[in-house]
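Thanks for coming, everyone. Please have the sequence and the model open. I'll walk through it a piece at a time.

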Amino acid sequence: MGVRGLQGFVGSTCPHICTVVNLRDLAECHRSKHPGSSPTVVVDAMCCIRYWYTPESWVCGGQWREYFSALRDFVRVFTEVGIKLVFVFDGMVEQDKRDEWVKRRHKNSREISRIFHYIKSHGEQPGRHMFFIPPGLAVFTRLALKALGQEAHCSLQEADYEVASHGLQDGCLGVLGEDTDYLIYNTSPYLSIQDLCLDTLDTVMLCREKLCESLHLRVADLPLLACLLGNDIIPQGMFESFRYKCLSAYTAVKENLDKRGNVILAVADHIAKVLRLHQGEKKLEEMLPLGPNKALFYKGVTSYLLPGQKSPWFVQKSKAVITLDKQILSMSSDVSMCSDPESQQEVPMDVDPEFKLEAPLCTNPEIKQVTMSSEPEIEQQVTLCSNPEIKQEVTMVSDPEILKVARAQHVQGESYLVYNIMSRGEIECSNTLEDELDQALPSQAFVYRPVRQRVYALLLGDDEDGACGLAKETKEVKEWFVYAGNPLKHPDLVRPLPMSVPGGTPSLKALWLTEELGVQARRFDVLLACFNLSSMREDVQAVEGPLRALCCLLIYLFVQVDTLCLEDLQALIAQALCLQAKSTAQLADLQLDHINPRAVQLGSLFVRGLTTLVFVNSACGFPLDMSDFMPWNVFDGKLFHQKYLQSEKGHTVEALLEENRFLLTQFHSLKSVVVKACLRENRHIGSRQYWGSHHTGWWSRQGSGSQQMSSGYGRPGRGQPWRDQGPGGPGDQDKQSPLQRRAPSEYGVDVASDIMSTRYVSRGAAGRGTATDGVNSRNAYADSVNAG
């Protein structure tokens, strides 16, 4: 994250750029100079999550009530001194940074393997040095902050850019985070979250002007320096030889510095003494060995230019001609590119027509991508403010009204994944604590995929006939989900799964934009259909309101995963009920005899189910109260682990419920609904004590190969939802695109997207790859991965 080597360099070579400041004093100073103006701190939330997560336990699925309490304390301290906080979360991964995202996911996977190895070896949680954030932490942090009345946004591009842009607004004291990119952006001061003392509100401010003095550079030179050193856009190896030449020519090498520190000094020296001599006379590609990477390099530099800013390193051109929807617009490089009369901010642009780049030019909500050319063979991608006559960029959904609503909910942090699907058709999910060497529990990526597929049908389908059919050309969603055996070289192409809602599927306009009598009930019907629970509506409705969401998730999970047993169900229900009477202090003081690796994975699987509920609920128009399935209300990692260990030992239900007779009625009521719903699907939830070591789940009992798919969801009468999905289905390999025909050895999976959708969906299976044709080769590949 940030500029390679810069954090260490600052600490070892330029400690004077770090100044201890008191945020309370800064706020008072601001108010004295600007009466009536509220001091603000913009927070890069993703940088702060580790700082906020203070609970001692982290492997059991998350100590959510303790975490919520920590967030509340953080907000309270700033509120008491009159500082407004604006939180910005990552809303998507930009294509330029996908390789970096993948690299980090692989690194996380290795860390998770070490965590499970430690747990199996020691029977306890590793130390904080191996800390890994609980699943769904970013999603639930955003929702927690909104529940606390805070302003929390999801970004439409890289979050650090939007954080830095917010930092330009009047009254901003600084940007709070832990990313050296904030030393590069020309924005308000960079404040360190790691050095923040919440009791005193002291922290460290890093001054980019002092950094420039030390390097003999100007602030406008910092983006160039960052790209030459390497960052999230520019791979570190791209300018390796160039940096070596700079170091060889550098005459002021400091012996007390490591090589990386001297490289930073050498590159800065080259910029100041060599490149600057020809600035404005020569283009960067004439002074630097850009080669085929010219476009990427220019994009890297411009990624640091905030609205209204321009770089002196770009050759100025007097005029650019833009052809847009048969309209010819002639503009100089200094005029604003924003055509929206409501936008008050002018955003000039410097254009070098010989490179292709994407540069954000306007922060107005209605933005679109257009093609700009000043030479016939050269294209330049820029972002312009919308004009009613400008044709929209291609999205997965064409209805502008629906897109506008989805976008607003995304930016306001109210929905999850919905806008990403409707606009780009691409989503991602980071690592989960899953043991790739013990696959008796399937990966959450597969367990909840059928739910996502039905939501895809809802969001991308053609509803003209009143049923949730699919558009003439079935759309596919690109899923970047982490699971064992997936090298993440390409996304999984996943097709929508048609669903049937009693009475017909309402349109998105009916679900999102109307408040007619009965619409909330229709929203709930659609939510049940997404979980394939329509036939169980009466049973679910009979459950007490706050437990209804939990009931839906438990039914789905236990119908879906056959390796879950009665003890698992009792532990999950018992912890949810007992949690209601627990204080934060009681939960923090809870001690466990030992840590069970299966319980660790089951806790993570359950919490990923809660994030899936957030996704479905927002897609359906919010039929459920979000607070009903926030983890601090329904799940505690240590408490679940305690109940799991007790249930495994054969403790009575009364003991699990801590002898609380009032909870006993609720327990049996909820358990009865789940068991009844599972029996309706011919799924008997057995006790683990009757399984024996031979039990490996439905797949091994039913046989392998394509025959297992004939029963739909593994239960008679469930239908065959993966059938008849058009090109890409079984037996239709010749019609598939190269991405759909990936070999198992490349992916670790058989990737016809509809086959992917059923890997565990047939309620399935203890081992990875239980789907259909090609499963044997996939298992062989998975085994080789696991053995390594």
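**A walk through the model**

Let's start with one residue. Val175 is buried, because its relative accessible area is 0% and the cut-off for buried is under 20%. Keep in mind that this is a predicted model. Where does Val175 lie? Val175 is in strand E5, residues 172-177.

What does Val175 touch, once neighbours within four places in sequence are set aside? Its contacts include Val42, Val163 and Gly167. Tyr182 and Thr187 are also among them. So is a run made of Ser188, Pro189, Tyr190 and Leu191. One spacing to note: Ser165 and Val175 are ten residues apart in sequence, and their C-alpha atoms are 9.9 Å apart in space.

Now step back to the sheet around that strand. The sheet is open and has seven strands. Read the order with me: E1-E7-E6-E5-E2-E3-E4. The pairing is mixed. Which strands are at the edges? Strand E1, 18-22, is one, and strand E4, 151-154, is the other. Each of these pairs on one side only. Ignoring direction, neighbouring strands here are turned by 30° against each other on average.

Look at E5 again. E5 runs parallel to strand E6, residues 190-192, and three bridges join them. For a landmark, find Gly177, which stands opposite Ser192 in E6.

Next, the whole protein. It has 788 residues, and 60% of them count as buried. Its secondary structure comes to 33 helices and 15 strands. Take the contacts between residues at least 6 apart in sequence: 72% of these join residues at least 24 apart.

Now a helix. Find H10, residues 222-229. Eight of its eight residues are buried, so H10 is largely enclosed by the rest of the structure. The names are Leu222, Pro223, Leu224, Leu225, Ala226, Cys227, Leu228 and Leu229. What do these buried residues pack against? The partners are helices: H8 (181-184), H9 (208-215), H11 (240-249), H12 (259-273), H13 (284-287) and H14. After H10 comes Gly230. Its phi is positive, near 105°.

H14 leads us to a loop. Helix H14 covers 294-302, strand E8 covers 320-324, and Ser303 is in the loop between them. Is Ser303 buried or exposed? Its relative accessibility is 19%, and the cut-off is under 20%, so Ser303 counts as buried. Leaving out residues up to four places away in sequence, Ser303 touches Tyr161, Tyr185 and Ile233.

On to another sheet. This one is open too, with three strands in the order E13-E14-E15. Its pairing is mixed. Why do E13 and E15 each have a side without a neighbour in the sheet? Strand E13 (426-429) and strand E15 (492-494) stand at the edges, each with a single partner strand, so one side of each is left free of a sheet neighbour. From one strand to the next, the twist averages 30°.

What does the mixed pairing look like here? E13 and strand E14, residues 477-481, run parallel, joined by four bridges. Two of the bridge pairs are easy to find. Ile427 has Glu479 in E14 as its partner. Glu426 has Lys478 in E14. On the E15 side, the sense changes: E14 and E15 are antiparallel, over three bridges. Lys478 turns up again here, standing opposite Leu493 in E15.

How is E14 covered? Four of its five residues are buried, which leaves E14 mostly covered. Helix H18, residues 449-460, packs on this sheet and touches E13, E14 and E15. The direction of H18 makes about 150° with that of E14.

Last stop: cavities. How many of 30 Å³ or more does the structure hold? There are eight. I'll show you the second largest, with a volume of about 100 Å³. Which residues line it? Tyr416, Leu417, Cys429, Gln444, Tyr448 and Arg452 are among them. The lining also includes Phe481, Arg608, Thr611, Thr612 and Phe615. By class, that lining has six nonpolar, three polar and two charged residues. Its largest share, four residues, comes from helix H25, residues 597-619.

That's the tour. Questions, please.

Technical notes: Residues numbered from 1 in each chain as written. Predicted model: local features only at pLDDT ≥ 70, side-chain atom pairs only at ≥ 80, totals over all residues. Heavy atoms only, no water. Helix = DSSP H or I, 4+ residues; strand = E, 2+ residues; numbered from the N terminus. Buried < 20%, exposed > 50% of the residue type's maximum accessible area, 1.4 Å probe, protein only. Contact = heavy atoms within 4.5 Å. 1 Å grid on protein atoms, 1.4 Å probe; cavity = no way out; pocket = protein on both sides within 12 Å on 5 of 7 lines; lining within 4 Å. Points joined across faces, edges and corners; volume = space filled by probe spheres on them. Nonpolar A, V, L, I, M, F, W, Y, C, P; charged D, E, K, R; others polar. Pairing = 2+ DSSP bridges. Axes fitted to C-alpha atoms, helices over the stretch in contact; angles between N-to-C directions.
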